[in-house]
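Trainee: I would like a close look at one part of this model. Please take it slowly and connect the pieces as you go.

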Amino acid sequence: MEQKNEMMITFDSRSSNESFARVAVAAFTTQLNPTLEEVADIKTAVSEAITNAIIHGYDNQVKKIRIRCRVSDRTLYVEVEDDGKGIADVKKAMEPMYTTRPDLDRSGMGFAFMEAFMDQVEVESEAGVGTIVRMKKTIGQTQQPFA
Amino acid sequence: MEQFQVKGRTLVIRMPKELDHHTTGQIPGIADRMIGEKNIQRIEFDFRDTGFMDSSGIGVIMGRYQKLRLLGGSVAVTHVSDRIWRILHLAGVTKVIEVEKERNWKESK
C-alpha cells in the first residue's frame, strides 16, 4: 500500500513553540503507525533542528521557522527551515561536541542526535540567507511486516 | 513538590516532564547560584517525571558536572526511563556520571 501526504507549518521562533512543533510532526507521523520509540526518535530530532534555528540561526530573535513534512510509502521526510544567519562551516557544526555557544550550556550534540535518531540528515546553509535541515526516517524497519 | 531541594550539601533537582531548550530555562542559573550560596557538593538530577529529553538536557547535566568537579563535588542522575538512559548513553554521559535507572518505570507510567 503506497500512501502520500504532506503538511507545512510556519511558526514563530519562540522557545515555547519547541514542544508544539515536535508534537505536530509526531502527530503527522502517526499515519505510518510508528512505534513509541520511533515517535520519540522523531520528536528528539525535530526538537534539535528547531532549537538550532532558534538559538543559532536567529540568535533568539523572533522570526519564522518553517517545517515541511511528507510521507511517501513508509518514509517520513522532514525539513526544518529558517531565514537566519546560516552556518559558516556545516561539516564542523555537525561534529559531535562542537558548539559555538558553550556559554549557553549547549552540548554540541544536536546534529549527532539528529543523525542517531533519523536515517539520513542533510544540511543546506548559506551565510546570511538561512539553513534547511532535511531528515528522513523509514518507519517499521525493526518490526515484522504485517502478516 | 519543590523543584529545587537542598538536603545537607546535596541539591536535588526535579526535572520537568519534557526537557528541552525552553523548559531548561532557569535551571542552570539557579543551580549555579545555589552551588555558591548553599555550599553544594553534589547535584542529583531526578528524572522521575521526565518522558522527553533532547540535547539541551545533556548541556545542563554536563555543565553542572564540570562546575562541581572543579570544586571536588559530584553529579548523579536518578530515576531515568529506558528512553532517557539511551539518550544519556548516546551522549557519553553514562561514562562519566552515575546514572540510576528507574526499575519499575514501565509499570509506574
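What is the strand order of the open sheet in chain A, and is its pairing parallel or antiparallel?

Mentor: A word on conventions comes before the sheet. This is a predicted model, in which local features need pLDDT of at least 70 and side-chain atom pairs count only at pLDDT 80 or more, while totals for chains, interfaces and linings use all residues. Residues are numbered from 1 along each chain as its sequence is written, chains are lettered from A and ligands numbered from 1 in the order in which they are written, and side-chain values use heavy atoms, with hydrogens and water left out.

The open sheet of chain A has five strands in the order β1-β2-β3-β5-β4, and the pairing is antiparallel. Helices (H or I, at least four residues) and strands (E, at least two) are DSSP runs numbered from the N terminus, and two strands pair if DSSP finds at least two bridges between them. At the edges stand β1 (4-12) and β4 (120-126) of chain A, each with a single partner strand, so one side of each has no neighbour in the sheet. Neighbouring strands are turned by 10° against each other on average, direction ignored. Axes here are lines fitted to C-alpha atoms, for helices over the stretch in contact, and angles run from 0 to 180 degrees between N-to-C directions.

Take the edge strand β1(A) and its partner. β1(A) pairs with β2 (residues 64-72) of chain A in the antiparallel sense over nine bridges. In this pair, Asp12(A) stands opposite Lys64(A) in β2(A).

Two helices pack on the sheet. α1(A) touches β1, β2 and β3 (75-82) of chain A, and its direction makes about 175° with that of β1(A). α4(A) touches β4 and β5 (130-138) of chain A, with its direction at about 30° to that of β5(A). Contact means heavy atoms within 4.5 Å.

β5(A) also has a side-chain link to a helix. Lys137(A) and Asp41(A) meet in a salt bridge (3.4 Å, N to O). Lys137(A) lies in strand β5 and Asp41(A) in helix α2 of chain A, so the pair ties together parts that are 96 residues apart in sequence. A salt bridge is a side-chain nitrogen of Lys or Arg within 4 Å of a carboxyl oxygen of Asp or Glu. Over all chains, the whole structure has 27 of them.

The helices named so far lead on to chain B. Chain A puts 24 residues into the contact and chain B puts in 20. About 1800 Å² is buried between the two chains, and carbon and sulfur atoms give 51% of that area; buried area is the accessible area (1.4 Å probe) that two parts lose on being put together, summed over both. Arg22(A), Asp105(A) and Phe113(A) supply 29% of the area that chain A buries against chain B, more than any other three residues.

Seven salt bridges cross this interface. One of them joins the side chains of Asp105(A) and Arg64(B) (3.1 Å, N to O). On the side of chain A that touches chain B, the elements giving two or more residues are α1 (17-29), α2 (36-57) and α4 (110-117) of chain A. α2(A) gives the most, with 10 residues. By class, the residues on that side of chain A are seven nonpolar, nine polar and eight charged. Ala, Val, Leu, Ile, Met, Phe, Trp, Tyr, Cys and Pro count as nonpolar, Asp, Glu, Lys and Arg as charged, and the others, Gly among them, as polar.
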